[in-house]
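Biologist: I'm new to reading protein models, and I'd like to learn by looking closely at one part. Please pick a helix, describe how it sits among its neighbours, and then follow the links outward into the rest of the chain.

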Amino acid sequence: MARRKGQKGSVFQKGISKQSKTWDPKAPAYGRYWKDVPGAKPRRVVVSLGIHPKRINAERLFADKFEDLKINSAKTFRECTSAVTFKDQAEEWLRSLKRKREPPEQTTIDNRRYALDRWIYPRLGDVYLADVNNYALRDLVTIMAASLAPATVRDYANIVKYVVDSATDENGEARFPRKWNDQVIDAPTIDDQNSPTTTCAGMSDMLLYARGQYRMLYALLAGCGPMRPGEALGLEIDKHISPDFRTLDIVQKAKRGKIQPYLKNKNGKRQIDLCRQLAEMLREYVGNMKSGLLFHTSTGAQLLQTNILSDSLHPILDYMAHERGGLYIFRRFRRTNVQTADCPEVLSHYWTGHSQTHVSERYTKLLGRRDFRLKWAEKIGLGFELPPDVGQLGQLQVVSKVA
């Protein structure tokens, strides 16, 4: 790119030609210069300088203003002459994540892609990267805060920062350095996050009111693992359930209508074990089904978490006057149950599918210790009571309250 010549601008008074040496000490003075505009021709900008007895006074003031504006700085020139849009840079940023020596998990990349497509591109996609600053991010945060949780707003705002910061020059230095100002951005504060769970009695009541596959789904989520909702919805009968129904292979998940052949992190691939009581319930539920998704619609398609909430879980919680929450209610319940049952920490961590917290976990191989895992699954048990039958595939049937 050719180097742009600098400019000094000029000082003038209206009605007096530039070539004239006449100066009116009682008339206002003005300064003018050319401002670079991304993707367009430069435009003339005029600033008011006030009244000055001599031209030299106005010129000195204008020189100070000109220096403050950094019109001739390399940074200003790079930003103003760049035609890169936010979307252009964001797509390159996403591609670069996969090229890293230790790329993030595919789930992380998918979540960032969703945030960009759903929330960020509609507001900033066509904006020049040079114009994405604290105020542009503040406007986006204001829109997101009306619909999203504070923690989600924070995460999506950070994506915007990552994209802008990822633009570098040939020396690896930031092309558009920003000093992000949290006071200006004004993102909502994250207080104690709402993490609803339930009690043993609450869990028993939810299963009593649920029907068909919903009852089986909730029992699995709360009675084994802990297992994530997407992992449960990705289970296939002929691939992921052991012949005795006591072990589930967690190797994929279902999310937003798609089967994803990867998990939240590399430790998510694991085996989860069931106590005998829950295994028998699962055997009864599967019945004569030989293949396909364990939980599915009438057409065999994947169940969507949003539909599960609206068709079953939220009506049940409302009927019970229970705090509303998502399917993670069951995972939190199970984690608490496992951790308070004196379960070995390494086994609890393995079942949960979290990243390793200590180097010693690399040397503890629980995948081949099924007898050990089954022993503890039986010892821990369910922590709640199962209804007398599994029921047939169907929708929510709420039992009327007795006065």
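**A bent helix and its surroundings**

Modeller: Let's start with helix α4, which has a kink of about 45° centred on leucine 116. Keep in mind that this is a predicted model.

Which residues of α4 are buried? They are Thr107, Ile109, Asp110, Ala115, Leu116, Trp119, Ile120, Tyr121 and Leu124. Notice that Leu116, where the kink is centred, belongs to this buried group. The partners that these buried residues pack against are the helices α3, α5 (134-145) and α6, together with the strands β5 and β6 (258-260).

Two of those partners are worth a visit. In helix α5 you will find alanine 136. Its relative accessibility is 16%, and the limit for "buried" is under 20%, so alanine 136 counts as buried. Leaving out residues up to four places away in sequence, alanine 136 touches Leu124 and Asp131. Leu124 is one of the buried residues of α4, so here you can see the packing at the level of a single pair. Alanine 136 and arginine 123 are 13 residues apart along the chain, and their C-alpha atoms are separated by 9.2 Å.

Next, look towards α3 (86-99). The loop between α2 (74-80) and α3 holds alanine 83. This alanine 83 and tyrosine 128 are 45 residues apart in sequence, yet their C-alpha atoms are 6.4 Å apart in space. With residues up to four places away set aside, alanine 83 touches Asp88 and Tyr128.

Helix α4 also has a share in an open space. The largest pocket has a volume of about 1,800 Å³. It is lined by 43 residues, and the closest to its centre are Asn111, Thr152, Lys255, Arg256 and Tyr328. Each of the elements α4 (106-124), α6 (150-165), α10, β5 (253-255), α13 and α14 gives two or more residues to the lining.

That list brings us to a second kinked helix, α13. Running from residue 305 to 319, α13 has 15 residues and reaches 20 Å from its first C-alpha to its last, close to the expected 21 Å. Its kink, of about 40°, lies at leucine 313, shortly before proline 315. Where does α13 pack? Its buried residues rest against α8 (200-209), α9 (212-223), α10 (229-233) and α14 (328-339). Those buried residues are Ile308, Leu309, Ser312, Leu313, His314, Ile316, Leu317 and Tyr319.

You can follow this packing from the other side through tyrosine 218. Apart from neighbours within four places in sequence, tyrosine 218 is in contact with Met203, Leu207, Ala210, Ile308, Ser312, Leu313, Ile316, Leu327 and Phe330. Nonpolar side chains tend to be buried together in soluble globular proteins. In this protein, the largest nonpolar core has 58 residues, and those with the most contacts inside it are Tyr218, Leu220 and Leu282. Helix α9 gives the most to this core, with eight residues. A second, separate core has 32 residues, including Leu94, Ile109, Val132 and Val163. You have met Ile109 already, as a buried residue of α4.

A few backbone details are fun to spot as well. Most residues other than glycine have a negative phi, and most peptide bonds are trans. Alanine 321, in the loop between α13 and α14, has a positive phi of about 60° although it is not a glycine. Is alanine 321 buried or exposed? With a relative accessible area of 68%, alanine 321 is exposed. Aspartate 186 has a positive phi too, near 55°, and it lies in the loop between α7 (182-185) and α8. Its relative accessible area of 57% makes aspartate 186 exposed. Finally, the peptide bond from glycine 225 to proline 226 is cis, with omega near 15°, and proline 226 belongs to the loop between α9 and α10.

Now step back to the whole chain. The secondary structure comes to 16 helices and seven strands. Of the 403 residues, 44% are buried. Among contacts with a separation of 6 or more, 67% join residues that are 24 or more positions apart.

How values were computed:
Residues numbered from 1 in each chain as written. Predicted model: local features only at pLDDT ≥ 70, side-chain atom pairs only at ≥ 80, totals over all residues. Heavy atoms only, no water. Helix = DSSP H or I, 4+ residues; strand = E, 2+ residues; numbered from the N terminus. Expected span 1.5 Å × (residues − 1). Bend = angle between axes of the 7 residues up to and from the residue. Buried < 20%, exposed > 50% of the residue type's maximum accessible area, 1.4 Å probe, protein only. Contact = heavy atoms within 4.5 Å. Core = buried A, V, L, I, M, F, W, Y, C linked by side-chain atoms within 4.5 Å. 1 Å grid on protein atoms, 1.4 Å probe; cavity = no way out; pocket = protein on both sides within 12 Å on 5 of 7 lines; lining within 4 Å. Points joined across faces, edges and corners; volume = space filled by probe spheres on them.
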